[in-house]
Structure formats: structure tokens, C-alpha cells
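Here's a quick briefing to read alongside the coordinates. It goes through the domains, then a sheet, then a pair of helices.

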Amino acid sequence: MIQSLYRRLALILLVMFIILGAFLFWFYENSNQSLQRETSQKIHLHLAEYLVQEITLFSDGELDHDSVKDAFSNVMRLDPGTELYVIDKQGHVMAYDAPPEKIIRKKIDLAPILTFIESKESLPILGDDPRSDKQKIFSAAPIYDADENLLSYLYIIIKGEVYDDVATALQANKTWWISLGMMGAGMIFLLLTALLLFNKLTQPLVKLSREVANFEQSNFTELPQGAQQFLSENHEKHDEFGKLQHSFYGMAQHIIDQLGYLKKHDDLRSEFLAHVSHDLRTPLAGVRAYLETLQLKGNDLSDESRQDFINKALVTNNRLSTMIDELFELARLEYGEIEVNPETIVLSDLLSDMYATLSNLASKKNINLQVKMQHDDLTVYADVARLDRILQNLVANAIQYTPEKGEVVVEVSVIRSALITAQTTDNGDGAKQQVKISVKDTGQGIAEEDLPYIFEPYFRSESGRRVNQEGKGLGLAITARLLELHGSQLIVNSHENKGTEFSFVLNSN
Ligand SMILES: Nc1ncnc2c1ncn2[C@@H]1O[C@H](COP(=O)(O)OP(=O)(O)OP(=O)(O)O)[C@@H](O)[C@H]1O
Ligand SMILES: [Mg+2]
């Protein structure tokens, strides 16, 4: 089995050339033979007629065997390429000059003889050869008696035995050899040109298939050399092979990205499981230790120590239940089990609550927490508890991931969307009013390579881990999904060591 496309094409081409060569050879030889026959027959066109006039073959209506024999041997001596026969009106061979065993046909077809005598056109006309089973060119003429009664035909096969060997004769012919040589040389030239062309055409395919195989061998992790640069070029200017190559590189790049993403996702999940089991076990063990101590030594402890143990057990228990709540919340969000109950919310109220809750955290770090509203009476149409959760998560993150003396600003502004939908009330001038809420900080920022993952559950950046060991990487995942439930999207814009801005847009009413 031939694997290479080039070899297969070359083989097909070779077979086609051999067939073509054989056909050309056959055609050449056939037309050559036909031409030779025509010429010879034309030369001998009136030979039979002439001989009938010149020699006496019949006397008193009877074949004169002696004079026939003489005449035939004389003519055949003069022209050794001819064989003479007298044929009767039914086509029987009446006389010839040859050993009887050489005559294998005693009766021949008269039709070609009659056609020849009548028209002498469309040469060559072939007639039966009494000495073989072949058909040959001939000259013929009718023989009449004195009263013009048809007696028989003089039938002359031209170059009978010699003609059998015409192929050999042709091969010995110089012109034939020259023509054959030129034809062969032309065909070899064509064949070589075509092979070269095929080679040129199949080369890019060979290269591409090698690259595909290498890509597969690298377990779909390594782009072929130079692929990046090729991808950055304008693929419109490439030919079909180039476009194919471009598509393959694009596909390979996509596969590498997706595999990387899946791997990272998988790593995050494994990491999370390890964290969760650790984070669940540690507080449980802590609560248990406090309770056991109280059980065993409760009476020996001072009231103060007892109270302290109970408080610590409660705090630990609260942390544990918050974490379990968050895990459940995320699971329910991922399974689409949480519904939102939107209502018109006055943002200033919600933001003051948020401020009251988080200002302590901010002032502990000497962070300047500010709320800036375009108007005091701005409203949004959202689920109040979920929106509170969203704001708390974003502002808490901003405070947590901003170093001391930094700044966190919650900004609310009105934007107008050109979109008008049947469900939304417009504000009179035809445009739907929306509100943009953004939370900006002057903190550590998020590294560019981490940005695609921050909305993934359990993801925590290296710098994030350093400043907040308690985090679970769930806050942003929950926030982003809650906003999706409101038909909105959480947008992030961050520069490392400069700050981060999270923003989203909600309908005003
Ligand atoms: N404002 C921010 N500035 C810099 N990094 C941030 C900011 N907000 C989030 N991040 C990064 O994104 C990660 C994910 O945040 P997310 O709120 O989901 O989890 P977390 O804060 O680590 O834990 P928790 O589930 O307790 O909120 C953080 O670990 C941190 O690395
Ligand atoms: Mg957080």
C-alpha cells in the first residue's frame, strides 16, 4: 500500500503515460500501415487490367493452364511482391503459381473485388488472401471472352508475404525510429514536468501532515514552529494550502488554550476540595476541643475562662456555618435554583447600610471609603437582598485587597441605553435609563494572567492569598452569578499595583 500522496499521484501519472504511449504507438503504426497500403494499392491500381489485356489466359473459353503458369511466373519474377490468381465468378481460386499446400483458402469473398472494379475509390480496399487468413490490398480486373461474356477475374495480391512483415519493415525504417524517439522524449519531458509539479503541490501538504502528527505527539500542547507568526499574518493573502494551514494553526491554538483552561479549572477544583475538607475539619475540631474541655474541666474553670471558651466555640461555629452557607448558595446558583424577586430599590438607602457595615473594616486599615452618587434619588430594579450581597462582596474585596491608607470609592452614575424594549419604561425621551455601579480601589490589582479566572469558583490569586488567608475564592463567583440572574454582567478592569475597578449596570426601573 502506497502511503504517500505524491507517490500515489506519480504512479497514476506513470500508468497514464504508459497507456497514452501505447495508444500513440498503436495509432501511429495503424495510420502508417493504412497510408502504405493506400499508396501501394494506388500504384498497382491498373496492374490487373493491364495484364488482362496483355496476356492470354483463356483459349476457347477454357483456362489455358500453360500460358497462365508462364505469365504468372514471369510477372512474379518481375515483381516478387505480387501473387496472381484467377478467380471464377463464384470466388473459387482457379489458377495460381505456388505449391498447392500454400493455398489455404480455395474460395474468397468477391465483394471487395467487385467494389474495386466498380469504383476504385476509398482506398485501401482489402480482400481475402488465399495464402493466409488475413486481408490484403490487391488489384483486380474482369476477364471477358470475345463475346464480352465474363469468364473470371484476375486477382493480384500486392506484396502478399512481404506485407505480413510490415511491422518489422517499419521498425527498420529510420523515420519511424526518429518519430518514435521524438514522441518518447516528449513524453518523458512531460512526465518529468508533471512529477515536478506534483512534488511542488504536495510538499505543503506533506509539511502540514507532519505538523499535525507532531502536534498530536506533543499531546496537543505544542504549536508548530512559526505558527504564532503565521497566525498574526493576514490569511487572505495565502493560497488554499495557506488557508488550510492557517485554520489548522488557529484550531491548534484554540485546543491548547482550552486544554490549559480545563486543566486550570480542574486544578482549582482539586485545590478547593483539599481546602474545604481542611477548612471544615479545622473549625469542627476546634469547637469539639472547646466543648470537651468544658465537659471535662468545666467545674475547675473560672467563670471568665468558661465564657471565653463558649465565645470562641460560637465564633468558630459561625465561621463554619457562613462557609457552608456560601458553598450551598454557589451550588444552588450553579444549578439555577435561586430566583430573584426584583423591586424598585432606592440606592442611597442600600449604600448607607453597606457603608455602615463595612466602614469599620475600612477604618481599621485606614482606608478612605467613599460613596459618590450622581443623584441622591437614584433607583434600580433588583432583588434587594442579592444586590446588598453583591455590593458587600465587592466592597469587602476592595478593602481586603487594598493596602493601608488606600482608597475605595463606590460610584453610581446614570447611563442611557439606546435600547427600548416593550417591558422597560422609558423616561420620557425614548431612552431606557440604566444605572452603572462601580467599586474602585487603589489596591494591589490583579495580574493579567489571573483575570480570566477570577470569576471561577475557588480561584484565588497569589497576591490575594498573601493578604487574606481566610478567603475561599467564592465571593466573586457568587457575585457574578447573582448579576447574571439580574441580566447584568460583572466587568473587571485592573492594573497590577495600581488598582481595580469592578462595575455592572442595572435597569433603573
Ligand atoms: N478588589 C480586588 N483587588 C485585587 N484582587 C482582587 C480584588 N477582588 C478580588 N480579587 C482577587 O480575586 C480573588 C477572588 O476573589 P473572591 O472574592 O472570589 O474570593 P476571596 O476574596 O479570596 O474569598 P471570599 O470567598 O471569602 O470572598 C481574590 O482571592 C483576589 O485574589
Ligand atoms: Mg472576596
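The domain assignment splits this protein into domain 1 (44-171), domain 2 (226-338) and domain 3 (343-419 + 430-507). Keep in mind that you're looking at a predicted model. The centres of domain 2 and domain 3, taken over C-alpha atoms, are 20 Å apart.

**Where domain 2 meets domain 3**

- The contact draws on 12 residues from domain 2 and 11 residues from domain 3.
- On the domain 2 side, helix 9 (240-297) and helix 10 each chip in at least two residues.
- Which helix gives the most to the side of domain 2 that touches domain 3? That's helix 9, with 6 residues.
- As for chemistry, that side of domain 2 breaks down into 6 nonpolar, 1 polar and 5 charged residues.

**The five-stranded sheet**

- There's an open sheet of 5 strands, running in the order 4-3-7-6-5 with antiparallel pairing.
- Strand 4 (93-96) and strand 5 (126-128) sit at the edges with a single partner strand each, so one side of each has no neighbour in the sheet.
- Ignoring direction, neighbouring strands in this sheet are turned by 40° against each other on average.
- Zooming in on one pairing, strand 5 and strand 6 (residues 135-144) go together in the antiparallel sense over 3 bridges.
- If you want a spot to click on, D128 has Q135 in strand 6 as its bridge partner.
- Helix 4 (residues 111-118) packs on the sheet, where it touches strand 5, strand 6 and strand 7 (150-158).
- The direction of helix 4 makes about 70° with that of strand 6.

**Helix 10 against helix 14**

- Two packed helices are described by the angle between their axes and the distance between the axes.
- For helix 10 (residues 303-334) and helix 14 (residues 475-485), the axes come within 10 Å and cross at roughly 35°.
- Helix 10 passes helix 14 in a left-handed crossing.
- Helix 10 makes this contact through E326, E329, L330 and L333, while helix 14 brings A477, I478 and R481.
- Sorted by class, the contact has 4 nonpolar residues, 3 charged ones and no polar ones.
- Helix 10 turns up in the domain picture too, as one of the helices supplying at least two residues to the side of domain 2 that touches domain 3.

Key:
Residues are numbered from 1 along each chain as its sequence is written. Chains are lettered from A and ligands numbered from 1 in the order in which they are written. This is a predicted model: local features need pLDDT of at least 70, side-chain atom pairs count only at pLDDT 80 or more; totals for chains, interfaces and linings use all residues. Axes are lines fitted to C-alpha atoms, for helices over the stretch in contact, and angles run from 0 to 180 degrees between N-to-C directions. Helices (H or I, at least four residues) and strands (E, at least two) are DSSP runs, numbered from the N terminus. A crossing is left-handed if the near helix is turned anticlockwise from the far one by less than a right angle, and right-handed if clockwise. Two residues are in contact if their C-beta atoms, placed from the backbone, lie within 7 Å. Ala, Val, Leu, Ile, Met, Phe, Trp, Tyr, Cys and Pro count as nonpolar, Asp, Glu, Lys and Arg as charged, and the others, Gly among them, as polar. Two strands pair if DSSP finds at least two bridges between them. Domain bounds come from an automatic or database domain assignment.
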